[in-house]
Amino acid sequence: AQEAAGIAKMLQELQKPSGAGGAASTGTTLSNGLVVSNSDVEGNGSDFMSMVNTVLDRSGVNASSTNTSVFGTPTFSDNQYALQILRGLDVSELTPAQRIRVLEMISQAGADREITRDEARSVLNEVNRLSPGERPTFLA
């Protein structure tokens, strides 16, 4: 029982965004059940990336591939490609409300534990659309 309680506590700790010191108790509830407050997404990009990772973890999205090639080696999964895009989003010009909206898009995309290239591009395009400055379009 002690070991199970320790594992449960460890999993709960993983769900906490590092920038805010703990999961929000009030705020916007994403479709995956994670509650995000404005203070969770304010500040620099690393705080937001922590929240992206928390949303992905909460949705059960990971980079590993369950498929293998003909030669028995793991194949490159859509998640691996998509996670690079999502973890590299430049949200520096977005408001907290817009950042929460982006997190919700990521939550919805990860609802099936897979994020396709098209879903990742859609999130990137939305961030670019919401950002007032010019953005490079080579990633879209």
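These exercises work through the fold, helix packing, salt bridges and core of one predicted model.

Residues are numbered from 1 along each chain as its sequence is written. In this predicted model, local features need pLDDT of at least 70, side-chain atom pairs count only at pLDDT 80 or more, totals for chains, interfaces and linings use all residues, and side-chain values use heavy atoms, with hydrogens and water left out.

**Exercise 1. The fold**

Task: State how many helices and strands the protein has, and give their pattern along the sequence.

Solution.
- Step 1. Fix the terms: helices (H or I, at least four residues) and strands (E, at least two) are DSSP runs, numbered from the N terminus.
- Step 2. Count: the protein has 6 helices and 2 strands.
- Step 3. Read along the sequence: the pattern is α-β-β-α-α-α-α-α.
- Step 4. Add burial: 36% of the 140 residues count as buried. Buried means under 20% relative accessible area, exposed over 50%, and partly exposed in between (1.4 Å probe, protein chains only).
- Step 5. Add contacts, meaning heavy atoms within 4.5 Å. Among contacts with a separation of 6 or more, 60% come from residues 24 or more positions apart.

**Exercise 2. Packing of H5 and H6**

Task: Describe H5 and H6, then find the angle at which they pack and the distance between their axes.

Solution.
- Step 1. Check H5: its 14 residues reach 20 Å from first C-alpha to last, close to the 20 Å expected at 1.5 Å a residue. The expected span is 1.5 Å times one less than the number of residues.
- Step 2. Check H6: this helix also has 14 residues and reaches 20 Å, close to the expected 20 Å.
- Step 3. Recall the descriptors: two packed helices are described by the angle between their axes and the distance between the axes.
- Step 4. Read them off: H5 and H6 pack at about 170 degrees, with axes 10 Å apart. Axes are lines fitted to C-alpha atoms, for helices over the stretch in contact, and angles run from 0 to 180 degrees between N-to-C directions.
- Step 5. Classify: H5 and H6 are therefore roughly antiparallel. Angles under 35 degrees count as roughly parallel, over 145 as roughly antiparallel, 65 to 115 as roughly perpendicular and the rest as oblique.
- Step 6. List the contact: H5 supplies Gln98, Arg101, Val102, Met105, Ile106 and Ala109, and H6 supplies Glu119, Ser122, Val123, Glu126, Val127, Arg129 and Leu130.
- Step 7. Look at burial: the buried residues of H5 include Val102, Ile106 and Ala109. Those of H6 include Val123, Glu126, Val127 and Leu130.

**Exercise 3. Salt bridges**

Task: Find the salt bridges and say which residues are joined into one network.

Solution.
- Step 1. Set the criterion: a side-chain nitrogen of Lys or Arg lies within 4 Å of a carboxyl oxygen of Asp or Glu. The structure holds 3 such bridges.
- Step 2. Take arginine 101 and glutamate 126: their closest N and O atoms are 2.5 Å apart. Arginine 101 lies in H5 and glutamate 126 in H6, so the pair ties together parts 25 residues apart in sequence.
- Step 3. Compare exposure: arginine 101 is partly exposed at 41%, whereas glutamate 126 is buried at 13%.
- Step 4. Take arginine 129 and glutamate 126: this bridge spans 2.9 Å, N to O. The two residues are 3 apart in H6, about one helical turn. Arginine 129 is exposed at 53%.
- Step 5. Join them: bridges that share partners link Arg101, Glu126 and Arg129 into one network.
- Step 6. Take aspartate 118 and arginine 121: their closest N and O atoms are 3.2 Å apart. Both lie in H6, 3 residues apart. Aspartate 118 is exposed at 57%, and arginine 121 is partly exposed at 24%.

**Exercise 4. The core and the H5–H6 loop**

Task: Identify the residues that touch the most other members of the largest nonpolar core, then locate isoleucine 115.

Solution.
- Step 1. Define the core: buried Ala, Val, Leu, Ile, Met, Phe, Trp, Tyr and Cys residues joined through side-chain atoms within 4.5 Å.
- Step 2. Pick the hubs: of its 29 residues, Leu86, Leu89, Leu103, Ile106 and Ile115 touch the most other members.
- Step 3. Map the elements: H3 (45-59), H4 (78-87), H5 (96-109) and H6 (117-130) each give two or more residues. H3 gives the most, with 6.
- Step 4. Place isoleucine 115: this residue lies in the loop between H5 and H6 and is buried at 1% relative accessibility.
- Step 5. Find a remote partner: the C-alpha atoms of isoleucine 115 and valine 61 are 7.5 Å apart, across 54 residues of chain.
- Step 6. Check the backbone: arginine 113 also sits in the loop between H5 and H6. Its phi is near 70 degrees, a positive value in a residue other than glycine.
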